[in-house]
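Thanks for making time. I will go through one chain, element by element, with the structure on the screen.

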Amino acid sequence: MKKETIGMSFKQLGIYAAVLAAGGAAGWAGGYYLNAENRPNQESVISTALESPSQVPQPLPTTSVVVQNNPNFIADAVEKVGPAVVRIDSERTVTGQVPDPLQNPFFRRFFGDEAPSTPPQERVEQGTGSGFILTDDGHVVTNAHVVEGADTVIVTLKDGREFKGEVIGVDPVTDVAAIKIEATNLPTVILGSSEDLIPGQWAIAIGNPLGLDNTVTAGIISATGRSSSQVGVPDRRVRFIQTDAAINPGNSGGPLLNDRGEVIGINTAIRANAQGLGFAIPIETAKRIAEQLFTNGRVEHPYLGIQMVDLTPNLRDKINQDSSKFGFKVTLDQGVLIIEVLPNTPASEAGLKNGDVILKVNGTSVTTASEVQEQVESSTIGDALTLEVNRNGETQSIEVRPGTLPAEPAN
């Protein structure tokens, strides 16, 4: 009998117990192991069996079962990253018109134009979000909407320390913001990768939802590559990670982790009136934007100046039925249709026209507006970008040199 087979039933029992525990309490990692010191030498067992066939071998010593007191992987990940997750409290002053009861038509009937008007009033809005520390000298990343327009920002660490935060820059296009706090030897996160994520993998979120500090939730990666249009924020240039880990107001800006405790995204959005639908910015996008913000205080995004939609047979038919309204006809039923070329933009200067159907960008086939947007975002401002378009049934190549996305683009 081989050494590995001795005590097999005990191993199987341990494996079955571990499987059942994994189903009932995901992530449990306590294990069993056999005490090898109590096992007899395999050579002596074989020798005894051969020399004395009639002799019944003595019963094997009782095998000890020992439980290892290891934390599960979720707790391990949180212990590793938790100290680098922060709460961000912001205040901004806004000016608005306070409702004036004298504007009511009932009162106007008596006072007419002589009724006094209430001047615009200033009020302070407060908000709370999350963030995480990138460097031990105080580089913090969060969502742009958490701190945009803030007059004051307070960053609170898990250990209770508070720091005044300086907003270095915000990028509304990707919803990423960079904050600096004056400190040293701070705990930091470990960055992972979102490029090889597949649905079904573990996802862990840490943040401060509804003001409940250091809240941990867990789930799975539900999907990857969700377009900004699918998420309901068409003005963003992000391919989102979808997760069912609970994300609530206040989680914004906090990290989304993998099972190793590495940051794979920034929690950023939830769909109203939906459960189990949370979205995160891939860490590659967040890191690229944050580096530009910390270096330059702003981010320059490539820009063409077109309004476009996904072309479908149904849309083609609708346009062709009312071609006089649109000013063009469409012969294809697939591609990315340019609805409008904005004036004084790189697209108009390159000669793109309303009704052009984009088929390829720099040799890469595209069928959705999101794919075109991704190709433009990955291009370099001022460098030639080759678009293959179909115009009135004929295919041609047009070179466009992307400009810088305006702070408030016309589209």
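Two strands count as paired here if DSSP finds at least two bridges between them. With that in hand, look at Trp202, which stands opposite Ile220 in β11. One thing to say before going on: this is a predicted model.

I will stay with that pair of strands for a moment. Strand β10 covers residues 202-207, and strand β11 covers residues 215-226; the two run antiparallel and are joined by six bridges. β10 has a second partner, strand β13, residues 255-257, also antiparallel to β10 and joined to it by two bridges. On that side, Ala205 is the residue that stands opposite Leu256 in β13. How many of the six residues of β10 are buried? Five of them are, so the strand is largely enclosed by the rest of the structure.

Now the overall numbers. The chain has 411 residues, and 37% of them are buried. Its secondary structure comes to 11 helices and 23 strands. Taking contacts with a separation of 6 or more, 65% are between residues 24 or more positions apart.

Confidence next. The average pLDDT over the chain is 80, and 75% of the residues score at least 70. Where is confidence lowest, and where is it highest? The low end is strand β1, residues 32-34, with a mean of 32, and the high end is β5, at 97. Residues 1-54 stay under 50 in pLDDT, and the model has 48 contacts for them beyond four places in sequence. There is also the stretch 63-70, where pLDDT is below 50 and the model shows 18 contacts beyond near neighbours in sequence. I will leave both stretches there.

Next, a single residue. Thr243 sits in strand β12, residues 240-243. Is Thr243 buried or exposed? Its relative accessible area is 0%, and the cut-off for buried is under 20%, so Thr243 is buried. Setting aside residues up to four places away in sequence, Thr243 touches Ala203, Ile220, Ser222, Leu256, Gly276, Leu277 and Gly278. Two of those names have come up already: Ile220 as the residue opposite Trp202, and Leu256 as the residue opposite Ala205. Thr243 also has a polar side-chain atom 3.0 Å from the backbone nitrogen of Ala245.

Now helices, beginning with α3, residues 73-81. Its buried residues are Ile74, Ala77, Val78 and Val81. Seen down the axis of α3, these fall within an arc of 95°, so they line one face of the helix. The general background is that an α-helix has 3.6 residues a turn, so residues three or four places apart point the same way. At the N-terminal end, α3 is capped by Asn72, with a side-chain oxygen 3.2 Å from the backbone nitrogen of Ile74.

The other helix to look at in full is α7, residues 283-296. It has 14 residues and reaches 20 Å from its first C-alpha to its last, close to the 20 Å expected at 1.5 Å a residue. Buried in α7 are Ile283, Thr285, Ala286, Ile289, Ala290 and Leu293. Those residues cover an arc of only 150° around the axis, which puts them on the same side of α7. What covers them? The cover includes β4, β5, β8, β9, β14 and β15. The face of α7 turned away from that buried side carries the exposed residues Thr295 and Asn296. After the helix comes Gly297, with a positive phi near 80°.

Two of the covering strands, β4 and β5, pair with each other, antiparallel, over two bridges. Ile133 is the residue opposite Val140 in β5. These two strands form a hairpin with five residues between them, and in it Gly138 takes a positive phi near 105°.

Last, Gln373, in helix α11, residues 369-377. Gln373 is partly exposed, with a relative accessible area of 23%. Which residues is Gln373 in contact with, leaving aside neighbours within four places in sequence? They are Ser228, Arg236, Arg237 and Met308. For a distance, the C-alpha atoms of Gln373 and Val238 are 9.4 Å apart, with the two positions 135 residues apart along the chain.

That is the list. I can go back to any of these views.

Notes: Residues numbered from 1 in each chain as written. Heavy atoms only, no water. Helix = DSSP H or I, 4+ residues; strand = E, 2+ residues; numbered from the N terminus. Expected span 1.5 Å × (residues − 1). Buried < 20%, exposed > 50% of the residue type's maximum accessible area, 1.4 Å probe, protein only. Arc of directions from axis to C-beta. Contact = heavy atoms within 4.5 Å. pLDDT = per-residue confidence, 0-100. Polar contact = N/O pair within 3.5 Å; in protein donor to acceptor, adjacent residues only side chain to side chain.
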